[in-house]
Amino acid sequence: MLTVGELEQALFEIAPRECVQDWDNVGLLAGRPGREVRRVLVALDITEEVVEEAVHWGADLIVSHHPVVFHGQKSVTDRDVVGGRLLRLIEGNLSAICMHTNLDIAEGGVNDLLAQALGIQNPERFTGEGVGRCGWRAEPMALPEFIRLVSRTLGCNGVRYADAGKPVHRVAVGGGACGEFEDAAIYAGCDTFVTADLSYHQFVDAKSKGINLIDAGHFPTEDLVCKEIVDYLSARFPGVDIRKSASHREVIQYYVEGE
């Protein structure tokens, strides 16, 4: 019999606790560690739709990248969004395990997968925290062509970018909101930085700083880790039914005048 606690420990083997940043909240965040696990749903976020999908399927556990609760939650009621989600987890007899910054930083985690998907060879860390990866693509590529590659590879609904007038050759990536590491990418000699949630002023200053910026979206730059989790857990626990959420997808939509 596989328990929630045993599956949690298996996840910590690929996303070690020592990689967790101080402000983060990871591990078993809801449920009993001794409960038997027969079905696991994997998703980037634990949303209302994901919880209902898990309940309908008869799952025992949801594994997500983003924590269902950060620090500071003082009640579990349906008077706020997080409380309502936690309440529904409890009512549905569902456990929740979340692997966040440790899965970003870990070898083979979010950022290694993102670098691999975008053709970065021998990716290396370029920040003190270990977040993000950088490296060379085999051949330089024109920015518009690379943007199409990013969009199609990651399944983006839209891509925001700033053109610094450079071909794409040495690339830094940061899954999710990694805009704070733009200067580190520049210091690492990168001509292009792919991440998410960039600010207006970063786009304004990109050309002056000499770096192409590509905001490919938070969900698209991180969701690829979900399949990796499914594959890992399926190989590790062949007797357990494990699947990726079908209900959770990119929530940001784009309207472009003239279309």
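1. Which side chain does lysine 244 meet in a salt bridge? In this predicted model, the partner of lysine 244 is aspartate 223, with an N to O distance of 3.1 Å. The pair links distant parts of the chain, since lysine 244 belongs to strand β11 while aspartate 223 sits in the loop between α9 (218-222) and α10, 21 residues apart. The two partners fall into separate accessibility classes: lysine 244 counts as partly exposed because its relative accessibility is 32%, whereas aspartate 223, with a relative accessible area of 14%, is buried because the cut-off for that class is under 20%.

2. The count of salt bridges comes to 14, and another of them joins aspartate 60 to arginine 35, where the closest N and O atoms are 3.0 Å apart. Aspartate 60 is in the loop between α2 and β3, and arginine 35 is in the loop between β1 (27-30) and β2, so this pair ties together parts that lie 25 residues apart in sequence. Both aspartate 60 and arginine 35 are buried. Through salt bridges that share partners, Arg35, Arg38 and Asp60 are joined into one network.

3. A further salt bridge is formed by aspartate 112 and arginine 133, whose closest N and O atoms are 2.9 Å apart. This pair, too, links distant parts of the chain, with aspartate 112 in helix α5 and arginine 133 in strand β6 (residues 133-141), 21 residues apart. Aspartate 112 counts as buried at 12% relative accessibility, and arginine 133 counts as buried at 1%.

4. Helix α2 (residues 48-57) deserves a separate comment, as Val50, Val51, Glu53, Ala54 and Trp57 are buried in it. Viewed down the axis of α2, these buried residues fall within an arc of 160 degrees, and therefore they line one face of the helix. As general background, an α-helix has 3.6 residues a turn, so residues three or four places apart point the same way. The elements against which the buried residues of α2 pack are β2 (39-43), β3 (61-64), α3 (81-91) and β11 (241-244). Just after α2, glycine 58 adopts a positive phi of about 85 degrees.

5. Turning to the interior, the largest nonpolar core contains 28 residues, and those with the most contacts inside it are Leu7, Leu11, Val37, Val40, Val42, Val63 and Ile97. At least two residues of this core are supplied by each of α1 (4-14), β2, β3, α5 (110-117) and α10 (224-236). Leucine 11 may serve as an example: leaving aside residues up to four places away in sequence, leucine 11 touches Val63, Ile97, Met99, Ile229 and Leu233. Another core, of 18 residues, lies apart from the largest one, and among its members are Ile147, Leu154, Cys156 and Val194.

6. On the surface, Val251, Ile252, Tyr254 and Val256 make a nonpolar patch of about 370 Å². Isoleucine 252 is placed in the segment after β11, and at 41% relative accessibility isoleucine 252 counts as partly exposed.

Notes. Residues numbered from 1 in each chain as written. Predicted model: local features only at pLDDT ≥ 70, side-chain atom pairs only at ≥ 80, totals over all residues. Heavy atoms only, no water. Buried < 20%, exposed > 50% of the residue type's maximum accessible area, 1.4 Å probe, protein only. Helix = DSSP H or I, 4+ residues; strand = E, 2+ residues; numbered from the N terminus. Arc of directions from axis to C-beta. Contact = heavy atoms within 4.5 Å. Patch = residues over 30% accessible without salt bridge, like charges linked within 9 Å, V, L, I, M, F, W, Y side chains within 5 Å. Areas by Shrake-Rupley, 256 points an atom, 1.4 Å probe, with all protein chains shown as cover. Salt bridge = Lys/Arg side-chain N within 4 Å of Asp/Glu carboxyl O. Core = buried A, V, L, I, M, F, W, Y, C linked by side-chain atoms within 4.5 Å.
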